[in-house]
Amino acid sequence: KVIKKVLKPQSMNLGMNLGRGSGAGVPGHLHMHIVPRWIGDTNFMPVLGKTNVVSVPLEPVYERMRKAFEAV
């Protein structure tokens, strides 16, 4: 709900890592990635092109998200 409210994505990608081979690194550890998405964004660019595309500074996004989570 916070991601939807603050970032207003058109959709989201969800991914889970369980076990060392999937990138979790710690036996028995499970973590989830939630990636907000917009039509026309760079899609698989970081995976295929080994390129990171950041259109806005992360610090202001972090502050907006932090404040919204504090309000929950």
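Strands here are DSSP runs of E with at least two residues, numbered from the N terminus. By that rule, Leu 30 sits in strand 2. Keep that residue in mind; the tour returns to strand 2 more than once. The model is predicted.

**Stop 1: the whole chain**

Start with a cartoon view. The protein has 3 helices and 2 strands. Read from the N terminus, the order of elements is α-β-β-α-α. Now switch to a surface. About 6100 Å² is exposed, and carbon and sulfur atoms supply 62% of that area. Of the 72 residues, 15% count as buried. Among contacts with a separation of 6 or more, 43% join residues 24 or more positions apart.

**Stop 2: the nonpolar core**

Select Val 2, Ile 3, Val 6, Met 65 and Ala 68. These 5 residues make up the largest nonpolar core. Color helix 1 (2-7) and helix 3 (58-70): each supplies at least two residues of this core. Which helix gives the most? Helix 1 does, with 3 residues. In soluble globular proteins, nonpolar side chains tend to be buried together.

Stay on Ile 3 and show its surroundings. Leaving out residues up to four places away in sequence, Ile 3 touches Lys 8, Pro 9, Met 12, Ile 34, Pro 36 and Met 65. One of these, Met 65, is a fellow member of the core. Another, Pro 36, is the next selection.

**Stop 3: Pro 36 in strand 2**

Select Pro 36, which lies in strand 2. Is Pro 36 buried or exposed? Its relative accessibility is 19%, so it counts as buried, the cut-off being under 20%. Draw a C-alpha to C-alpha distance to Ile 3. The two residues are 33 apart in sequence and 7.5 Å apart in space. Now expand the selection around Pro 36. Beyond its neighbours within four places, Pro 36 is in contact with Ile 3, Leu 7, Pro 9, Ser 11, Met 12 and Asp 41.

**Stop 4: Arg 37 and Asn 13**

Move one residue along. Arg 37 also has its place in strand 2. At 14% relative accessibility, Arg 37 counts as buried. Show side chains here. Which side chain does the side chain of Arg 37 meet in a polar contact? The partner is Asn 13, at 2.3 Å.

**Stop 5: the nonpolar surface patch**

Go to the surface view and select Met 12, Leu 14, Met 16, Leu 18, Leu 30, Met 32 and Ile 34. Together they form a nonpolar patch with about 700 Å² of accessible area. Strand 1 (11-18) and strand 2 (30-37) each supply at least two of its residues. The largest share, 4 residues, comes from strand 1.

Pick out Leu 30, the strand 2 residue from the opening. Leu 30 has a relative accessible area of 47% and is therefore partly exposed. Two patch members have appeared already: Met 12 and Ile 34 are among the residues that Ile 3 touches.

**Stop 6: salt bridges on helix 3**

Select Glu 63, Arg 66 and Glu 70. How many salt bridges does the model hold? The count is 2. Side chains of opposite charge can pair when their charged atoms come close.

Take Glu 63 and Arg 66 to begin with. They form a salt bridge, with the closest N and O atoms 2.6 Å apart. Both lie in helix 3, 3 residues apart, about one turn of the helix.

Then pair Arg 66 with Glu 70. Their side chains meet in a salt bridge, again at 2.6 Å from N to O. Arg 66 and Glu 70 are 4 residues apart in helix 3, so about one helical turn separates them. Glu 63, Arg 66 and Glu 70 are thus linked in a network of salt bridges.

Color the three by accessibility. Glu 63 is partly exposed at 32%. Arg 66 is partly exposed at 27%. Glu 70 counts as exposed at 56%.

**Stop 7: the segment after helix 3**

Finish at Ala 71, in the segment that follows helix 3. Its relative accessible area is 68%, so Ala 71 is exposed. Draw one more C-alpha to C-alpha distance, from Ala 71 to Val 2. They are 69 residues apart in sequence and 9.6 Å apart in space. Val 2 belongs to the largest nonpolar core, which brings the tour back to Stop 2.

Technical notes: Residues are numbered from 1 along each chain as its sequence is written. This is a predicted model: local features need pLDDT of at least 70, side-chain atom pairs count only at pLDDT 80 or more; totals for chains, interfaces and linings use all residues. Side-chain values use heavy atoms; hydrogens and water are left out. A nonpolar core is a set of buried Ala, Val, Leu, Ile, Met, Phe, Trp, Tyr and Cys residues joined through side-chain atoms within 4.5 Å. Buried means under 20% relative accessible area, exposed over 50%, partly exposed in between (1.4 Å probe, protein chains only). Contact means heavy atoms within 4.5 Å. A salt bridge is a side-chain nitrogen of Lys or Arg within 4 Å of a carboxyl oxygen of Asp or Glu. Patches are made of residues with over 30% relative accessible area and no salt bridge: like charges are joined within 9 Å, nonpolar side chains (Val, Leu, Ile, Met, Phe, Trp, Tyr) within 5 Å. Accessible areas come from the Shrake-Rupley method with a 1.4 Å probe; for residues, only the protein chains shown count as cover. A polar contact is a pair of N or O atoms within 3.5 Å; within protein, one must be able to donate a hydrogen and the other to accept it, and residues adjacent in sequence count only if both atoms are side-chain atoms.
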